[in-house]
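Colleague: I should like to go through this model with you before I return to the bench. Could you take my questions one at a time?

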Protein chains: 4
Amino acid sequence: MTYEQIKKNIKDLAKSSFSKWAKICDQENRFPHENFELIKSENLQSILVPKEFGGAGLNFYEYQQCLVEIAKGCASTAAAFNMHNIVIGSLSTINLEALLPREKKRILPFLENIFQLVVTQKKIFAAATTEPGIGARFSLVKTNYQRTHNGYILNGKKSFVTMANYADYYLVLAKKLELAATSAQQPALSYFLVASKQKDIKINESWDVLGMRGTASHEVEFNNIYLQPEDLFMGQEGFALTKVMREPQWVTGGYLGVYLGIMEIAFEFTCDYIKARTDYQAGTGLGFQTLIQARVADMYLLLTNARNAVFDAAKKIDSVPGSDEANNAIYTAKYLVGEAAPELTSLAVRTCGGSTIHKQYDLERYHRDSMCGKLMPAVSDTCQIYLGKSMLGITEMKIW
Amino acid sequence: MTYEQIKKNIKDLAKSSFSKWAKICDQENRFPHENFELIKSENLQSILVPKEFGGAGLNFYEYQQCLVEIAKGCASTAAAFNMHNIVIGSLSTINLEALLPREKKRILPFLENIFQLVVTQKKIFAAATTEPGIGARFSLVKTNYQRTHNGYILNGKKSFVTMANYADYYLVLAKKLELAATSAQQPALSYFLVASKQKDIKINESWDVLGMRGTASHEVEFNNIYLQPEDLFMGQEGFALTKVMREPQWVTGGYLGVYLGIMEIAFEFTCDYIKARTDYQAGTGLGFQTLIQARVADMYLLLTNARNAVFDAAKKIDSVPGSDEANNAIYTAKYLVGEAAPELTSLAVRTCGGSTIHKQYDLERYHRDSMCGKLMPAVSDTCQIYLGKSMLGITEMKIW
Amino acid sequence: MTYEQIKKNIKDLAKSSFSKWAKICDQENRFPHENFELIKSENLQSILVPKEFGGAGLNFYEYQQCLVEIAKGCASTAAAFNMHNIVIGSLSTINLEALLPREKKRILPFLENIFQLVVTQKKIFAAATTEPGIGARFSLVKTNYQRTHNGYILNGKKSFVTMANYADYYLVLAKKLELAATSAQQPALSYFLVASKQKDIKINESWDVLGMRGTASHEVEFNNIYLQPEDLFMGQEGFALTKVMREPQWVTGGYLGVYLGIMEIAFEFTCDYIKARTDYQAGTGLGFQTLIQARVADMYLLLTNARNAVFDAAKKIDSVPGSDEANNAIYTAKYLVGEAAPELTSLAVRTCGGSTIHKQYDLERYHRDSMCGKLMPAVSDTCQIYLGKSMLGITEMKIW
Amino acid sequence: MTYEQIKKNIKDLAKSSFSKWAKICDQENRFPHENFELIKSENLQSILVPKEFGGAGLNFYEYQQCLVEIAKGCASTAAAFNMHNIVIGSLSTINLEALLPREKKRILPFLENIFQLVVTQKKIFAAATTEPGIGARFSLVKTNYQRTHNGYILNGKKSFVTMANYADYYLVLAKKLELAATSAQQPALSYFLVASKQKDIKINESWDVLGMRGTASHEVEFNNIYLQPEDLFMGQEGFALTKVMREPQWVTGGYLGVYLGIMEIAFEFTCDYIKARTDYQAGTGLGFQTLIQARVADMYLLLTNARNAVFDAAKKIDSVPGSDEANNAIYTAKYLVGEAAPELTSLAVRTCGGSTIHKQYDLERYHRDSMCGKLMPAVSDTCQIYLGKSMLGITEMKIW
């Protein structure tokens, strides 16, 4: 499938189905698995897998465009879909040609296995990175692993694991348990792929929140999970931190389209709503009121800034990934979208008026969903600090 | 009871009980009748009734202080309590000495009856003013009444009737149905007191909204309700509009304490939350982070502006009710509180971080409740227009 | 010369000369004619003239990039340069191939004459459009012309005529004086080219203002100025309004680069200033203060939004001129730049501290210059109204 | 004179004279000594001197009211007048009854001398505290003094010395020059009263700035100035820091009325200007435009918040000076006024339109003057940090 076909498919699904389940799952506080079955039926789970491995090979810009369209139907579905793609996308952009032969020998089988799971078996992946109380401060990770004679044992507890009760595999960040603390070094942080259907994995269905209620971002407990050598991410210990540090596009940039999508649909809602309303006193459409026009303009300006920033970042991720230019664009877009989304939906409620806080109107959910973007990593403070340091030429370690 | 005792009682109730039921009723989407039983057990339903009629005779400033304290426990309870007091308070401030003998003869029995119902029988009153689709534009009211040989027949449908399933009486705004449209005049708008427990009153339990979920502001339908002459508000037809027009303190000013209370408690929540948290990287309290301090300051500044404006308005309502000075202060306070409350809770969520969107934290509810203030009449646009005109000396009719 | 050479030349001039005269002319409240002599020495006055007529044929995007670079040296010079290019640019983009033969016959000589004046004789043009008391409301124009047997007589008074004492020609907007008001029609609005060195043109050197002091935007009085038929703009009466209405890119879009340039240089100033300062208490660079970093980030975000909007508009003006898409982008960029420029310089002053209000620092001038963008047409209110109507599908006449 | 008489006198002077010299001295970049001669002719220089010492004994609230009125005429005059009153006011509020007999014996003669100079000889005092490069960080003060056998020798350079070329006395902050650095202690910081007309005092007339141009806040150099024991402030070394630390009302709170006054007059200007203008298209007053009304309301809201905060602080300074409550109110008011003043004047320029950047309109100066408030100590960042810490219960040293 081409990008255009994929985007069209998504638009159709968003209108016909995603939006319906968005409302229902928000009310029932559950994962919209119906939407993910549709995603799989259209093979959308593999849009980031490179063409040579059987996927659609979309670039980041195209991916963000797709994410916007999903989010216009169901933001929780888009956020969950992005969690899957953070895992798949960061693997898809590995330049195999640039690897040393022994690296390639180690990494290629790992990639082939994962891509095959996604493309052929339509498996869904989830990241299990953050932990209760520590947020995204990776140096404080408590989940740990030990080597055994033929693999690893994993123990720990993860929070905010989106799709906790739906994903087929978790990508789990863990710290190596050093038996003797002889070394002054930071212990290795590694990722593992863990199949989700195991009796020693316990899900605490604690996700009952303001917005993005459909992401099912529960707590997950791993109790003495036995892992094979091939479950080690990229076949290498200590890979986690450097990987993440180099690629803010995925952990931070991935979300962008989700919250931009909420802004887009809330803006469309507002324009449609106003157009259909009458100003009874003036005997004209409500849209003829100057203050309404000015506020719609304010919303449009917020939206335009966010759009410009998101797609500027996406293009730079494709053209100069990892550069200062790309990273500045990512943090800019993350800050703008995170702060502007709730501001736009709040203006939308003010503009449309009191009736639109009723749950019968989707705007009520858009507002709650929009509040969550700024809380995702990198949070707004982190973005500001990053950009400030970057502009002032302060080169000390910038993230987390 | 003195004002100080009343305020202390309320503070105790807010901490011990109101806040508990606030959480439960938000989840169950129902009216916190438990809180109202406590209100009645402490005789708080009569705090605005003049002392000579058996009440506590609080002035507006004292009343707003009490409302803040209730709202810190349960904003929905405070909003409902205010609806009762809009009815009672506007009657309590009538200056009987200033009436002509024949006015006094008409009005006094009406007042005595109502105050007796509140003081002795602990009856609760609710306003039924707005209607579906027309908001607060009184000239468009469709609910109507006709005179019969010994009373009136009332028909119509009201929206946003807070305490629809709890109040003992509704104060219903209705337009006189002119049988022959001979007159070019606007038909009379009158208020009626309607006992709520009647089979021809139908409640449509439609209140399922973003915030202030406990107010039970359902739709109420009145089908051929027969009323006695003594049910006519103040014993006089056509009283409605002038009354309301002259007294923005009740319809607009009443709410002020509710949303200020939400700001107060959300600010307390934030300070307490931050004080209890550690910045693991720095090894200090989270509150030592400069950006946290600056944001707490931003919240404090919003709160201080709101406090100053609300209590300035309250004092002017007591000292120069109905004056331009008082009215400007009311619209100023309404705008500031309405806009600042969601801004403050939004900053609180950003400051406390992602965990606080969990429903286990009250802040999640504070944010949703805070969104509703600006949607109450006078809405923010109306306030701005009023103040702009007032400052520019434009004397054309200013409200609604 | 290629675009790259032109841009490099401008950058060099801005650093070496423009900035020096910017300071001097701001203090002396006079036109920086030194900068214009340099502009002419580099043939920059003809960068918009099509290549086939001897110019550099830059497109709008390239032009705005150049304008930014000039403004970084001297904003007044850039604004004046833009006034010249509003005249030249709107002529340069006429598609001669699309004209009817008789139109071409009329227009081509007019264009050839003007382009020759610019390219060969290095003449500078100025627009004389607005009038005292009416701003940019063209329907109220009082300057008038009458036909004579072999030409026209022009009378009137223009305000805000940038380069009033420097330009070689004025492009004057005037209303046809109908001797008998028989027609219900709006009288024709036409433009005329008027040579500036005439004894019956009086300049009132009234330009003594907050910022952009170097533009010399004085009042100019035209007393019985005799004009030839070839002085009529495009050889056609009544051409003015339609032309302008269809081309907001020039009257509104032209300014964009000027105010973006002020933002760019004020931001550079701030970063350089902070980098060179020490926080004596902490013993580190001032830039290590978190609040400084956050505020620099705020400035960077304002700047990024403005940059994105300006160059997005410029690209759309080149690719789809006159389209709704292009026009929305122009009004978006105008609003953002106009409002953001003083916001950014105000933050810069706060960030750099009290010393930078001293006139020895260029930031002091940047702030004053930046205040003026929002006051240029289309003013911020007009932009908001335009965008609001556009989004709400309100198709009534949108401008002025 | 009573407070009411004083306030009325000031109002009259502001209208009739202060405003005229404000314009002239802004243009000529010089101190408005004409205004100070009027101040002295009305004995206003002694309004803060206690009644028992011959002054008017105004309290802080009354003083701030007077300052507002002066600033409405000439903000530079008000700022300079406040510098004088910072010196006099901090002495006027000393509670002599609370002193130990030996303290009283030391302090009373000092006070009697100063008050006599102010009341009888109409002397004007200026503070010389800050220094080039160090701002208000007192620990870094370089100006120094040594004891001689019968007095002191003072050397150093001060910046931002308001009224440098007008005041009769400077109050100079200096650090004791320890000949042998034996002590780990911070050397004593002391204040001295220095007569201004001495040949070894050199004024560098460097004050050429954006706004508040009339304050003549030049650099002053003190070269081997010989001082008598009675010139030591309060007759005690080391008095400086503790004094200042305990009294933010003077160093920070003093300014409040100045910038509030600018806000008041800029708001009046705007309302008057709009009232006098016509919307030619609509054929009504410009004030009938909804966006104008909304923006005037925004300005009014900024003004009201500032008014409330300033007078709340003033009342608390009078009733509970030095308390946390009073100090929080001071920093709140300082932040609000400092940030809101330029925001209000910027809105005023946008609302009134481009003509009002002409120097013929006072609004042009109001805007420039208003930019300076946030740069005065405590600067906005300091205010935010202070309030944030205060709210979070962080008790480490809060200022400077």
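The conversation below concerns helix packing, salt bridges, chain interfaces and some backbone details.

Modeller: Please note at the outset that this is a predicted model.

Colleague: Understood. Let us begin with packing: at what angle do helix 10 and helix 12 of chain A cross?

Modeller: Helix 10 (residues 324-352) of chain A and helix 12 (residues 380-391) of chain A cross at roughly 145 degrees, and their axes come within 9 Å. The crossing of these two helices is left-handed.

Colleague: Which residues make that contact?

Modeller: On the side of helix 10 of chain A, the contact is made by A:Asn327, A:Asn328, A:Tyr331, A:Thr332, A:Lys334, A:Tyr335 and A:Glu339. Helix 12 of chain A contributes A:Ser380, A:Cys383, A:Gln384, A:Tyr386, A:Leu387, A:Ser390 and A:Met391.

Colleague: And how do the residues of that contact divide by character?

Modeller: Six are nonpolar, six are polar and two are charged.

Colleague: Let us turn to charges. How many salt bridges are there over all chains?

Modeller: A search of the whole structure finds 96. One of them is between the side chains of A:Asp381 and B:Arg295, with an N to O distance of 2.3 Å. That pair joins two chains, because A:Asp381 lies in helix 12 of chain A and B:Arg295 in helix 9 (residues 290-319) of chain B.

Colleague: Is A:Asp381 buried or exposed?

Modeller: A:Asp381 has a relative accessibility of 14%, so it counts as buried. Its partner B:Arg295 counts as buried too, because its relative accessibility is 5%.

Colleague: What about C:Arg295 and D:Asp381?

Modeller: Their side chains meet in a salt bridge, at 2.3 Å from N to O. This pair also crosses between chains, running from helix 9 (residues 290-319) of chain C to helix 12 (residues 380-391) of chain D. Both C:Arg295 and D:Asp381 are buried.

Colleague: I also noticed D:Lys8. With which residue does D:Lys8 form a salt bridge?

Modeller: The partner is D:Asp12, and the closest N and O atoms are 2.6 Å apart. The two residues are separated by about one helical turn, because they are four residues apart in helix 1 (residues 3-28) of chain D. D:Asp12 counts as partly exposed, at 40% relative accessibility. As for chain A, salt bridges with shared partners join A:Asp26, A:Asp208, A:Arg213, A:Lys359, A:Glu364 and A:Arg368 into one network.

Colleague: Now the interfaces. How much area is buried between chain B and chain D?

Modeller: About 2800 Å² is buried there, and carbon and sulfur atoms give 73% of it. The contact takes 34 residues from chain B and 34 residues from chain D. On the chain B side, B:Leu301, B:Met391 and B:Leu392 lose the most area to chain D, together 22% of what that side buries.

Colleague: How many salt bridges are found across that interface of chain B and chain D?

Modeller: The rule finds zero there.

Colleague: And what do chain C and chain A bury between them?

Modeller: Chain C and chain A bury about 2800 Å², with 73% of it on carbon and sulfur atoms. Each of chain C and chain A gives 34 residues to the contact. Zero salt bridges are found across the interface of chain C and chain A.

Colleague: A change of topic: where is A:Thr270, and what surrounds it?

Modeller: A:Thr270 is in helix 8 (residues 256-275) of chain A. Its relative accessibility is 0%, so it counts as buried. Leaving aside neighbours within four places in sequence, A:Thr270 is in contact with A:Met299, A:Ala348, A:Thr351 and A:Cys352.

Colleague: Finally, the backbone. Where is there a cis peptide bond?

Modeller: One joins A:Pro377 and A:Ala378, with omega about -10 degrees. A:Ala378 sits in the loop between helix 11 (362-370) and helix 12 of chain A. In chain D, a cis peptide bond joins D:Pro377 and D:Ala378, with omega about -15 degrees. Most peptide bonds are trans, and most residues other than glycine have a negative phi.

Colleague: Which residues other than glycine have a positive phi?

Modeller: Among them is A:Lys122, with phi near 55 degrees, in the loop between helix 5 (101-119) and strand 1 (125-128) of chain A. B:Asn43 has phi near 60 degrees and is found in the loop between helix 2 (33-41) and helix 3 (60-73) of chain B. A:Lys122 counts as partly exposed at 26% relative accessibility, and B:Asn43 counts as partly exposed at 32%.

Terms used:
Residues are numbered from 1 along each chain as its sequence is written. Chains are lettered from A and ligands numbered from 1 in the order in which they are written. This is a predicted model: local features need pLDDT of at least 70, side-chain atom pairs count only at pLDDT 80 or more; totals for chains, interfaces and linings use all residues. Side-chain values use heavy atoms; hydrogens and water are left out. Axes are lines fitted to C-alpha atoms, for helices over the stretch in contact, and angles run from 0 to 180 degrees between N-to-C directions. A crossing is left-handed if the near helix is turned anticlockwise from the far one by less than a right angle, and right-handed if clockwise. Contact means heavy atoms within 4.5 Å. Ala, Val, Leu, Ile, Met, Phe, Trp, Tyr, Cys and Pro count as nonpolar, Asp, Glu, Lys and Arg as charged, and the others, Gly among them, as polar. A salt bridge is a side-chain nitrogen of Lys or Arg within 4 Å of a carboxyl oxygen of Asp or Glu. Buried means under 20% relative accessible area, exposed over 50%, partly exposed in between (1.4 Å probe, protein chains only). Buried area is the accessible area (1.4 Å probe) that two parts lose on being put together, summed over both.
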